Structure formats: C-alpha cells, structure tokens
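Colleague: I am new to this structure and would like a close look at a single part of it. Could you pick one spot and walk me through what surrounds it?

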Amino acid sequence: EIGTGDWSSDVCSSDLLNRELSSPTDAGVEAVPGAGLQLHGFEPFRLNESYSTFFATLHQTCLDLEADPYGDGSTRFRCYGRALLLPWSKALHWFPNTCNSDGREASEYYQGDFNPELGDKSRLFPPLPAQICNSGDLAEVIVDNFDRTVWQGFDRSAPIQVGVALMRLYVNRTYPIAKITPDCLHQDGEHYTFIHLIDRCGISGGDNTVAEVSQVGKLPVDTPAGRIRASFTLEERLESYAVHDPQVSHHVSGVVLDGAATEGWRHTLVIDFTPMSPRF
C-alpha cells in the first residue's frame, strides 16, 4: 500500500485523545495517540486552527439546512454533494445535481444495504450549496483528509469519489432527542469516513463509539467491552476523527437537551472517500 501523507504529525493533542478514549483489547492492540488510522481502523485528530473562520461559515450554513427527507422533519437536517478527486493532481470536480420528484435540485446518495433502517435504495438530499462546493477552504480540508489515507496502487491511478455532507441534529422542548440513522453500530460502505465537529450547543450526548466489525447492528450498551475499540466525544470546533470502514464499525449516540437549555444542536462536516477503480 502507498501512503499519501504523513498523518502522524497532525494528530490531535491530549484533550480529545485522553478525555474518554479507551484502549481496544482485541488482538492485544493498544490505542496509542498517533498510532494511526491504518493500525487501529480509526484516528481522532484536530484540524488546523486556520480553518476556524471557514467552520464559522459552515455553522451559519447548518442553521439554514433543510430537513432530512428521510427523518422526522424536525430533528435531523442535512445537505450532500459528490465530487471526483484525482489522486495524482488533487484536482476536485463536482458531480452535477439531479432532481427529486418535486422537480427540485437534489444530490443522490447510495450506500447499498449498509443502512438497515432504510434498505437498499438511493436517497436524494438537498444539494451542498454552490458557495461551499466552490470554497478553497473545503478543497483544502478534503485534501487534508485524503492525505491521511492509504490506498493500493491501482486505486491511486483512478478517480476517488468524495462525498461531502453537512449534518445538523437539533433538539428543543418539543423534540428533546435527535438521532442519526442508522442508530446502531454500522459501516457506511465508503472506504474512509471523516467526521469534523462544526459546533455543538445546549446538548449532551453525541458520544462516539468505534467497535469491531462483528458488532454491526448492536448498540454500544449491548456490545462487550472487549469488542469496543474506542469511546470519545467531539466537544470543540475542529475536533475530528476518521474511520477505515473495512476495519471497524462506528456509532454516535443521540443528542438531548442539556440542563435548562431550551434548544440545542450538533453540527458536523462529514467527508468520505470511495475508490472508483474497476473491480472484476
């Protein structure tokens, strides 16, 4: 396999890694800060502070997201876009949008049968806003994430599909809990997935669990401790983590109102990478 960058030098410092990170016990592997995405199948880290202004813009965009068409219409909101990344030049080319049944622009997302709550079907999401797609900052974050991944040589000579989503979980007194889908340990079907915290306010929950692939379909509370590789919470803007989908399953718990708050949210930027090389 060929690495695309030195991701060990950018690892998140002690706050995120030491706050709640647990060590996996399967095969005697010990979760050491900076050990790497490839060794453990996941890696917490923190994006450079230079992206703070861009993430403030993403936060404002998240406040205006449309409801997830496959959610309850009140607690989960998102937009989505797809692009081609050319590994040899790092050039990014966005797929055109399609239309939903109402004739409105939409972006298609398909993950086969990896989501047991929705089945093997395409989903059409509101598209990622053009000003975000065309942002040089987003392109830099995508390349930053890609440079943390490792690919076989054949995949390095073919385009990589990039999925980019903005996600908002929102709660208030009427709707006091918001959940992701699927609400269980799962794989996404993309080769690598990166989750970046944009903002969280007025909530508790949103706790991340990474576990063995054998635990897909279970809730973390029902998973033997020896099968869990890590538990941690993204609490500050720019805190992030990545998973190598073939190696692990992952889950984020629902969010609920915290204390006396009357509303709250969790905003994330999710970027995934899938090889597009032909496989016969």
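Modeller: Let's start at Gln161, which lies in strand E9; helices (H or I, at least four residues) and strands (E, at least two) are DSSP runs numbered from the N terminus. Before going further, please keep in mind that this is a predicted model: local features need pLDDT of at least 70 and side-chain atom pairs count only at pLDDT 80 or more, while totals for chains, interfaces and linings use all residues. Residues are numbered from 1 along each chain as its sequence is written, and side-chain values use heavy atoms, with hydrogens and water left out.

Is Gln161 buried or exposed? Its relative accessibility is 19%, so Gln161 counts as buried; buried means under 20% relative accessible area, exposed over 50%, and partly exposed in between, using a 1.4 Å probe and protein chains only.

Which residues does Gln161 touch? Leaving aside neighbours within four places in sequence, Gln161 is in contact with Arg82, Ala83, Phe95, Asp272, Phe273, Thr274 and Met276, where contact means heavy atoms within 4.5 Å. With Arg82 there is also a polar contact from side chain to side chain, at 3.3 Å. A polar contact is a pair of N or O atoms within 3.5 Å; within protein, one must be able to donate a hydrogen and the other to accept it, and residues adjacent in sequence count only if both atoms are side-chain atoms.

Now let's widen the view to the strands. E9 spans residues 160-172 and pairs with E3 in the antiparallel sense over ten bridges; two strands pair if DSSP finds at least two bridges between them. One of the matched positions is Tyr80, whose bridge partner in E9 is Ala165. As general background, strands of a sheet pair through backbone hydrogen bonds, either parallel or antiparallel.

E3 itself covers residues 76-86, and ten of its eleven residues are buried, so this strand is largely enclosed by the rest of the structure. E3 also pairs with strand E4 (residues 91-94), again in the antiparallel sense, here over four bridges. Within that pairing, Leu84 has His93 of E4 as its bridge partner. E3 and E4 make a hairpin with four residues between the strands, and Lys90 takes a positive phi near 65° there.

To retrace the path: Gln161 sits in E9, E9 is paired with E3, and E3 is paired with E4.
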